[in-house]
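Dear colleague,

Here is the structure you will be taking over. My notes follow below it.

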Amino acid sequence: MSLDNLLNIGALARATGTKVETIRWYERVGLLPAPARSAGNYRTYGEAHLGRLSFIRRARDLGFSLEQIRTLLDLAEDRERSCDAVDVIARGHRDEVDRKIADLQALRRELDSLIGQCRHGKVAECRIIEALGPSAGA
């Protein structure tokens, strides 16, 4: 990017769909390197910032943790390295997604069971309200 193509924080936010405060936070926690400053002391971001922030956003969209993203970014720096470590992180994350899906499916079955007990009567006789009440867990 030439000097003409540098982005201010608002333009970087728009280009990546990221809130300005999130960009500043990524800088504070070290995921995004501190940008250069203009003569007026405004942050100026280049192509590397845009690429890195886009990577972070996509990884967050896929549910990777900040620590996983930090590791992936570090691994991405060594382009000649084997991608085995990247694969381990991705597989571990996928396994966690599978666990969450199983938990959500169990939750759905429980909710289906509660809904199935509904007799469409009065709230005073509602099986769902009864199941959520204090004596339900005892």
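L104, L107, L111 and I115 form a nonpolar patch on the surface, with an area of about 390 Å². The model is a predicted one, so please read that area as a computed value. One member of the patch, L111, sits in helix α5, which spans residues 84–116. L111 counts as partly exposed because its relative accessibility is 42%, and the partly exposed class lies between the 20% limit for buried and the 50% limit for exposed.

The same stretch of chain carries an annotation. UniProt, in an unreviewed entry, lists residues 90–117 as "coiled-coil region". In the model, residues 90–117 are 96% helix and 0% strand. The C-alpha atoms at the two ends of that range are 41 Å apart.

Next, the interior. The largest nonpolar core comprises 19 residues, and I23, Y45 and I69 have the most contacts inside it. At least two residues of this core come from each of α1 (9–16), α2 (20–28), α3 and α4 (66–77).

I69 is worth a look in the viewer. Leaving out neighbours within four places in sequence, I69 is in contact with L31, I56, A59, R60 and F64.

A59, one of those partners of I69, is in helix α3, residues 47–61. Its relative accessibility is 5%, so A59 counts as buried. Beyond residues up to four places away in sequence, A59 touches F64 and I69. F64 is therefore listed as a contact of A59 and also of I69. From A59 to R70 the separation is 11 residues in sequence and 10 Å in space, C-alpha to C-alpha.

Two residues towards the start of the numbering are also on my list. Is T16 buried or exposed? T16 counts as buried, because its relative accessibility is 13% and the limit for that class is under 20%. T16 is in helix α1, and with neighbours within four places in sequence set aside, its contacts are L50, L53, S54 and R57.

K19 lies in the loop between α1 and α2. With a relative accessibility of 65%, K19 counts as exposed. K19 and C126 are 107 residues apart in sequence, and their C-alpha atoms are 44 Å apart in space.

Regards

Technical notes:
Residues are numbered from 1 along each chain as its sequence is written. This is a predicted model: local features need pLDDT of at least 70, side-chain atom pairs count only at pLDDT 80 or more; totals for chains, interfaces and linings use all residues. Side-chain values use heavy atoms; hydrogens and water are left out. UniProt positions are given in the numbering used here, feature names are shortened, and annotations may be inferred rather than shown by experiment. Helices (H or I, at least four residues) and strands (E, at least two) are DSSP runs, numbered from the N terminus. Buried means under 20% relative accessible area, exposed over 50%, partly exposed in between (1.4 Å probe, protein chains only). Contact means heavy atoms within 4.5 Å. Patches are made of residues with over 30% relative accessible area and no salt bridge: like charges are joined within 9 Å, nonpolar side chains (Val, Leu, Ile, Met, Phe, Trp, Tyr) within 5 Å. Accessible areas come from the Shrake-Rupley method with a 1.4 Å probe; for residues, only the protein chains shown count as cover. A salt bridge is a side-chain nitrogen of Lys or Arg within 4 Å of a carboxyl oxygen of Asp or Glu. A nonpolar core is a set of buried Ala, Val, Leu, Ile, Met, Phe, Trp, Tyr and Cys residues joined through side-chain atoms within 4.5 Å.
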